[in-house]
Amino acid sequence: MRVAGISGLGAASGLILASWLLTYLNAAPTTPSSPPGHLETPLPASPAPMDPSLRAPGQTNRPQPGTSDPPLPEIPGTGVLRQGDSGHGVYELQVRLLQISHIYDGGAIDGRYDADVRAAVVLFQERYGVRGDESGVYGDNTRFALMLRTK
C-alpha cells in the first residue's frame, strides 16, 4: 500500500510538471536568465564527439560534406611490410607463414622482417602465384592470399 502511495504521488507530480511545461513552454519564447553573480560560459565552437552508443539509429559519425576525413589509425597487420620493418604486423605475418608447410618452417616469431622472412614471402608468392606485389614484399595481394590459407 505504501508503494502504491509513493508511485501515485510520483505520477501526480509528473502530470503536474508535464502540464506546467506544456502551459509555460508553449508561451512566448523567453531568453534564459542566469542567477545574480553567475557568469555565462559560451558554448564550444564545435560539438564534442558523440558516444556511438548514444546515436540515433541510422545516424553516423561522418563529417559534413565539404570537410576532409580525419586520417584513419593504422591497424596492426595492415600496410606494406618489407625487409627491415618490425612490429606487430611482422609478428602476425610470421605466425601466418608458419602455418603454411615448407615456407617458413622453424622461422622466428620475433616481429622483425629479416632476410628469412623475406625469403619465406618470396617462396609463398612463387608457390601460390601471387602477382601485383614486389617480390619479397608483403603487400595487399600477398596478404590476401596468405589470409585465405591461414587462421
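**Helix 4, helix 3 and two salt bridges**

D140 and R143 sit 3 residues apart in helix 4, which means that about one helical turn separates them. In this predicted model, the two residues also form a salt bridge, with their closest N and O atoms 3.6 Å apart. The partners differ in their surroundings: D140 counts as exposed, because its relative accessibility is 56% and the cut-off for that label is over 50%. R143, on the other hand, is buried, with just 8% relative accessible area.

That contrast fits into the layout of helix 4 as a whole. The helix covers residues 140-149, and its buried residues are T142, R143, A145 and L146. Looking down the axis of helix 4, these buried residues fall within an arc of 165°, so they line one face of the helix. Turned away from that buried side is a face carrying the exposed residues D140, F144 and L148. So what does the buried side of helix 4 pack against? Its buried residues pack against two other helices, namely helix 2 (88-98) and helix 3 (115-127).

Helix 3 comes next. It is made up of 13 residues and reaches 18 Å from its first C-alpha to its last, which is close to the 18 Å expected at 1.5 Å a residue. Buried in helix 3 are V117, A120, V121, V122, F124 and Q125. These buried residues pack against helix 2 and helix 4, and the contact with helix 3 turns up from the helix 4 side too.

Both ends of helix 3 have something to show. At the N-terminal end, D114 acts as a cap: one of its side-chain oxygens lies 3.1 Å from the backbone nitrogen of D116. Past the other end, just after helix 3, G129 takes a positive phi of about 65°.

Back to the salt bridges: how many are there? The count comes to 2. One is the pair in helix 4 already described, D140 with R143. There is also a salt bridge between the side chains of D110 and R112, with an N to O distance of 2.9 Å. As for D110, its relative accessibility is 33%, so it counts as partly exposed, whereas D140 of the helix 4 pair counts as exposed at 56%.

Methods:
Residues are numbered from 1 along each chain as its sequence is written. This is a predicted model: local features need pLDDT of at least 70, side-chain atom pairs count only at pLDDT 80 or more; totals for chains, interfaces and linings use all residues. Side-chain values use heavy atoms; hydrogens and water are left out. Buried means under 20% relative accessible area, exposed over 50%, partly exposed in between (1.4 Å probe, protein chains only). Helices (H or I, at least four residues) and strands (E, at least two) are DSSP runs, numbered from the N terminus. The arc is that of the directions from the helix axis to the C-beta atoms. Contact means heavy atoms within 4.5 Å. A salt bridge is a side-chain nitrogen of Lys or Arg within 4 Å of a carboxyl oxygen of Asp or Glu. The expected span of a helix is 1.5 Å times one less than its number of residues. A polar contact is a pair of N or O atoms within 3.5 Å; within protein, one must be able to donate a hydrogen and the other to accept it, and residues adjacent in sequence count only if both atoms are side-chain atoms.
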